[in-house]
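This report describes a two-chain model in running text, with one small table. The sequence and structure come before the description.

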Amino acid sequence: MSSVTVNQAIVAELYTWRFLKWVLAICVAVVAVFPIWWMFNVVFADPGTPVSINPRLYPTSLSSGLSKIQIILMETPYLRAYFVTIGYALLTILGMLLIGSMAAFEFALFDFPGKRLLFGLVMLSLMVPTVVTIIPTYLLVAELGWLNTMQGLVVPGLASAFGLFLLVQFMRTLPREMIEAARLDGASHFKIYWYIALPLSRNAMVTLAILTFMKTWGNFAWPLIVAPKPEIYTVGQVVGLFNAPFSHQTVDVVMTANLLAVLPPLLFFLIFQRKIVEGIAMSGSKG
Amino acid sequence: MNARRHLPHYAMVLPFALLFAAFFLYPIISGFYYSFHDWNAATEARFIGLANYEAVLKSRDFARAMTNLGIYIAITVPLGIAVALALALLVDSFTGFWANFFRSAFFLPVVLPAFLAATIWRWMYAPNFGLVNMVLGWFGMPSVNFLNDTGTMLYALIAVDVWVSAGFNMVILLAGLKNIPQDLYEAARLDGASRLQQVRYVTIPMLAPILFFVVTYGFISALQVFDVPWLLTGSSFTAYGGRRNALLFPVMDMMGRAFGAVRFGEATAYGFILTFVIILFTAVMFGLRAWRTPK
């Protein structure tokens, strides 16, 4: 008898737990997604009714959204900022991957005098916070005459300690026999790197590239100080202009500017979701 | 001949080493030099000893920024990680499609650039027509000017911060949860442990190394908070920190001294003071870990 009631209690508890779990998960999902959803709806809604009366819970007009996007791209400096930011992100990714993978190839697979010291120094730099370097780096860039230039944005970020760490971790697992065999066949050092190590490290390189894209696209502080001229504004700064207290823009125009800034990272996320999540989880478990 | 043999290795490392030296080592050294000088980039640098450090440590803004930071960190780090852990457990309790679905949904805020999260939330917090106030209105509550009321500003920031960072930490913790052997839970259940007890006595101890990473990393990034409070308060280099400096944080203060007041020596000294605090924090964390880990 009593065991039956105990069982019933357990079953009842199981069901309430299961129910609560769903309610909770859905609520959190709404909180996480809604601000983005709302932004989308404000853009794709007929203009006219103030947001305070119509909270825009769903999109109502595709054409009005598209026309807002068109206005922003044609009549404001947004498009140029887009190109600047894409250039900034792409050049950073390419440079970082090339320089980082060359160094990682050596650090992971070979021995040479001074290697431990250099690698140790780079790993130590992971512990040094950006606050201490950001202003002196700015001063150096200014001295080089690189303020408001693409190289000023890109070059100081290329020697990424995190990137090197990620690539070294991965390249350590490459099969040494293959490299040895290639050398016996007379391949030059650079050829071994280019034709064997690089293709085999594709996975790690792609992960690093995606994480770097997200990071450069979202970088706010560095462009803010190093590229303060409107000609080389990044998306982050242009979005700041739209949202400034006295920008005299209506909510829907401002939200269109915001939506355009989210689009690239959002698309990246939808396409490379697994890689992004794995990359973050990996950087955590190695810590 | 030995050097010749190693030449290709050095050639491959050279680009990285050069850039690393130029844009990491040199700035640290030059920054250290500037921090003892009175310098505004236009005139000759003048050696003034520790005066920059003194000026920072004695300034009222520094005290205000540090107080704000202290309260902010004391809430946002534990709260953020508690939420992240709860979300990770929640996602972990689903399987298949729904596990993926909820994980992606909870992770979505991480995808946004931080500058955008701040911008969107500024609209959500807007008085009267902002969404948060609209929801409050449904329950008959008066509109709150979250980002201009010194009593709510810090908490408004913390809410955005947790919203942004929870998904990031959740993903790291989820990876850790997957590595906990299921039979530990079996054993705990056979011993009559409730769900909460299982979390307390199995999950958390097994996750300890990853929690340690998440907490340490959380501290280090919280100490350097910049983008979100800067944008929430609509700051510029001449006016920052929001009403009555209620959202003034050390990095904002440092940037203001460099690019608003053009006192580069003082700003670099500020950077070293902050770094010292961060290193101290990290050392305490590692010390705690060494002490907690049984030998």
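## Core, interface and chain layout

Ala117(B) touches Pro109(B), Leu112(B), Val160(B), Val164(B) and Val228(B), leaving aside residues up to four places away in sequence. The model is predicted. Ala117(B) is also one of the residues that touch the most other members of the largest nonpolar core, a set of 157 residues; the others named with Ala117(B) are Val160(B), Met170(B) and Leu173(B). The element that gives the most to this core is helix 3 (residues 78–109) of chain A, with 15 residues. Domain 1 (2–67) and domain 2 (76–285) of chain A each supply at least three residues to this core.

Ala117(B) is among the buried residues of helix 5 of chain B. This helix covers residues 114–124, and 11 of its 11 residues are buried, so helix 5 of chain B is largely enclosed by the rest of the structure. Its buried residues include Phe115(B), Trp121(B) and Trp123(B), and also Thr119(B) and Arg122(B).

### The two chains compared

Confidence, burial and extent for each chain are set out below.

| Chain | Secondary structure | Buried residues | Span of C-alpha trace | Mean pLDDT |
|---|---|---|---|---|
| Chain A | 13 helices, 0 strands | 39% of 287 residues | about 75 × 70 × 35 Å | 88 |
| Chain B | 12 helices, 2 strands | 41% of 295 residues | about 75 × 75 × 35 Å | 90 |

In chain A, the elements from the N terminus on run α-α-α-α-α-α-α-α-α-α-α-α-α. In chain B, the order is α-β-β-α-α-α-α-α-α-α-α-α-α-α, with both strands following the first helix.

Chain A has a radius of gyration of 25 Å, whereas a compact globule of 287 residues would have one near 19 Å. Among the contacts in chain A with a separation of 6 or more, 73% join residues 24 or more positions apart. The corresponding share in chain B is 67%.

### Domains of chain A

The domain assignment divides chain A into domain 1 (2–67) and domain 2 (76–285). Taken over C-alpha atoms, the centres of domain 1 and domain 2 of chain A are 35 Å apart. The contact between them involves 8 residues of domain 1 of chain A and 7 residues of domain 2 of chain A. On the domain 1 side of this contact, the residues divide into 8 nonpolar, no polar and no charged.

### Contact between the chains

How many residues does each chain bring to the contact? Chain B brings 71 residues and chain A brings 69 residues. On the side of chain B that touches chain A, helix 1 (residues 2–34) of chain B gives the most, with 19 residues. By class, that side of chain B has 53 nonpolar, 16 polar and 2 charged residues.

Leu140(A) offers one local view of the contact. Leu140(A) lies in helix 5 (residues 130–143) of chain A. Leaving aside residues up to four places away in sequence, Leu140(A) touches Tyr26(B), Pro27(B) and Ser30(B).

Is Leu140(A) buried or partly exposed? Leu140(A) has 19 other C-beta atoms within 10 Å. A residue counts as buried at 20 or more, so Leu140(A) is partly exposed. Within chain A, Leu140(A) and Gly152(A) are 12 residues apart in sequence, and their C-alpha atoms are 9.7 Å apart in space.

### Confidence

In chain A, 93% of residues reach a pLDDT of 70 or more. Among the elements of chain A, helix 1 (residues 2–43) of chain A has the lowest mean pLDDT, 84, and helix 6 (residues 150–154) of chain A has the highest, 96. In chain B, 98% of residues reach 70 or more. For the complex, the predictor gives an ipTM of 0.90 and a pTM of 0.90.

Terms used: Residues numbered from 1 in each chain as written. Chains lettered and ligands numbered in written order. Predicted model: local features only at pLDDT ≥ 70, side-chain atom pairs only at ≥ 80, totals over all residues. Core = buried A, V, L, I, M, F, W, Y, C linked by C-beta atoms within 7 Å. Helix = DSSP H or I, 4+ residues; strand = E, 2+ residues; numbered from the N terminus. Domains from an automatic or database assignment. Contact = placed C-beta atoms within 7 Å. Nonpolar A, V, L, I, M, F, W, Y, C, P; charged D, E, K, R; others polar. Rg over C-alpha atoms; globule rule 2.2 N^0.38 Å. pLDDT = per-residue confidence, 0-100.
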